[in-house]
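Let's go through how the labels on this model are earned, one question at a time. Have the structure open as you read.

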Amino acid sequence: MPQRPDDRIVESPIAATWRSIQHERAVLVGIGPGIEEADLDELAALADSAGAEPVGRIIQSRGEPDPQFWIGKGKVQELHELLHGTGAELVICDQELSPGHLRSLESRLGVKVLDRTALILDIFALHAHTREGKAQVELAQLNYLLPRLRGWGEAMSRLGGGIGTRGPGETKMESDRQHIRRRISKLRRDVKAMQTTRDTQRASRQRSNMPQVAIAGYTNAGKSSLLRRLTGADVIVADQLFATLDPTTRRIVLPGGRVATLSDTVGFVSKLPHDLVEAFRSTLEEVTLSDMIVHVADAASPALEAQIEAVHTVLEEIGAANMPEVLVLNKIDLVPGSRRARLATRYPGSVAFSAVTGEGTEGLLEAIAATVPTPPVDVHALIPWDRGDLVAMLYRDAEVLSADAEPDGTRVHARVGLRELAAIRAFATAVVRTDGGG
């Protein structure tokens, strides 16, 4: 079989263009209405996870970014002075910046400037260990890098010709763009091929009619710790953001003897880069194609409510907003009694749990057993017209209670088993256990 031209590209352009920030001193910058320095705490934690050392913070209360520098000109001068005063060689901004903003700031300040998206991508690159994880991260990095080649660090020449001419810098950038586009094409094929393997493994679990439980939650909420506590799985547990990227699946025995699978997934974060959501879609499908979600939240975090909301936002983006869910308030051992009572009132039905001490383990297993769908299951779904195969499957293998044609597809109410539920889960609008459970 002849090679594609892209397949002959061995070296990734990331090696020449992506800039690690390990061991670099950084100044953090944020803007927003009524912003406070504490609002940059998460950015500081992200910078620390990437290996940088935050040495200063600058904030500006404003509704819209400055058209040229993202922050106002006065703040640019203040930032310039802080960089020189602290010896920092890096600026990290708490939003995704346009290529123009990046160029203007780097040119004016004379140091590297990273935005939140590039920082998260850098952390993902550090923590991706499997072939699939590395390919997914590189794909997201290249999609981010492509429109930002001009002026991106020392690896890219800043030389350019005048109007109507093309200098050596422009020629180099066009060559880089072509190289990156070819590499993106190859990575997309690689990720798709690896997704086929994952789909095969997933289909095997679905055929077993074994309930599939996905662990989701904000990064560093303790998902891997919970998996280890419940299953004894040998997974990385670290007090870092995005310490684990590669999903792990283990079997678990629930109260009553029922066996289920429990899958850890990539952590979520507010303002999760869209390119990452796209690149990790096959991994995130572990959530969308599961039967229920164990949503792990950090009960000790002052930003608990915002983190829960951020997770729900990502779940909605990947089509998992209507999944049965158990909210686990992890790290409850770090929460004083008075706050525990308030959390129980604020989040009724949640499970207080500590992956470190084991507190709440029995209650968590009972909550999972009570929430995981037990066949038969009543499901309402809107199945697109181009998925008539799923409607046919329901008529063949399940009990269709009603089916109505609508502009966007067929609205179906059916009584199904777990295998059929897994097949139509992405299109489900409501799932109700017929034994009276949720």
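Q: What makes Gln307 count as buried or exposed, and where is Gln307 found?
A: Gln307 is found in helix α11, residues 304-317; helices here are DSSP runs of H or I with at least four residues, strands are runs of E with at least two, and both are numbered from the N terminus. Buried means under 20% relative accessible area, exposed over 50%, and partly exposed in between, with a 1.4 Å probe and protein chains only. Gln307 has 14% relative accessibility, so it counts as buried.

Q: How do you know which residues Gln307 is in contact with?
A: Contact means heavy atoms within 4.5 Å. Leaving aside neighbours within four places in sequence, Gln307 is in contact with Tyr218, Asp298 and Ser301.

Q: What should I keep in mind about the model and its numbering?
A: This is a predicted model, in which local features need pLDDT of at least 70 and side-chain atom pairs count only at pLDDT 80 or more, while totals for chains, interfaces and linings use all residues. Residues are numbered from 1 along each chain as its sequence is written, and side-chain values use heavy atoms, with hydrogens and water left out.

Q: Why does Ser354 count as buried or exposed?
A: Ser354 has 0% relative accessibility, so it counts as buried. It is found in the loop between β10 and α13. Ser354 touches Asn330, Lys331, Ile332, Asp333 and Glu359, not counting residues up to four places away in sequence. Ser354 and Leu226 are 128 residues apart in sequence, and their C-alpha atoms are 8.1 Å apart in space.

Q: What makes β9 and β10 a pair?
A: Two strands pair if DSSP finds at least two bridges between them. Strand β9, residues 325-330, is joined to β10 by 2 bridges, and the two run parallel. For Leu329, the bridge partner in β10 is Ala352.

Q: Which strands are the edge strands of the open sheet, and why are they called that?
A: The sheet has 6 strands in the order β6-β7-β5-β8-β9-β10, with mixed pairing. Its edge strands are β6 (248-253) and β10 (351-352), each of which pairs on one side only. Helix α8 (residues 223-231) packs on this sheet, touching β5 (212-217), β6, β7 (259-264), β8 (292-298) and β9.

Q: What is the angle between α13 and β9, and how do you know?
A: Axes are lines fitted to C-alpha atoms, for helices over the stretch in contact, and angles run from 0 to 180 degrees between N-to-C directions. Helix α13, residues 361-371, runs at about 165 degrees to β9 and lies across β5, β6, β8, β9 and β10.

Q: How do you know where the buried residues of α4 lie around the axis?
A: In helix α4 (residues 99-109), the buried residues are His101, Leu102, Leu105, Glu106 and Leu109. They cover an arc of only 120 degrees, so they are on the same side of α4; the arc is that of the directions from the helix axis to the C-beta atoms. Their cover includes α3 (73-86), β3 (90-93), β4 (112-115) and α6 (131-145).

Q: What makes a set of residues a nonpolar core?
A: The set must be buried Ala, Val, Leu, Ile, Met, Phe, Trp, Tyr and Cys residues joined through side-chain atoms within 4.5 Å. The largest such core has 62 residues, of which Val29, Leu79, Val91 and Leu109 touch the most other members. Helix α5 (residues 116-127) gives the largest share, 6 residues. A second, separate core of 23 residues includes Ile252, Val326, Ala355 and Leu365.
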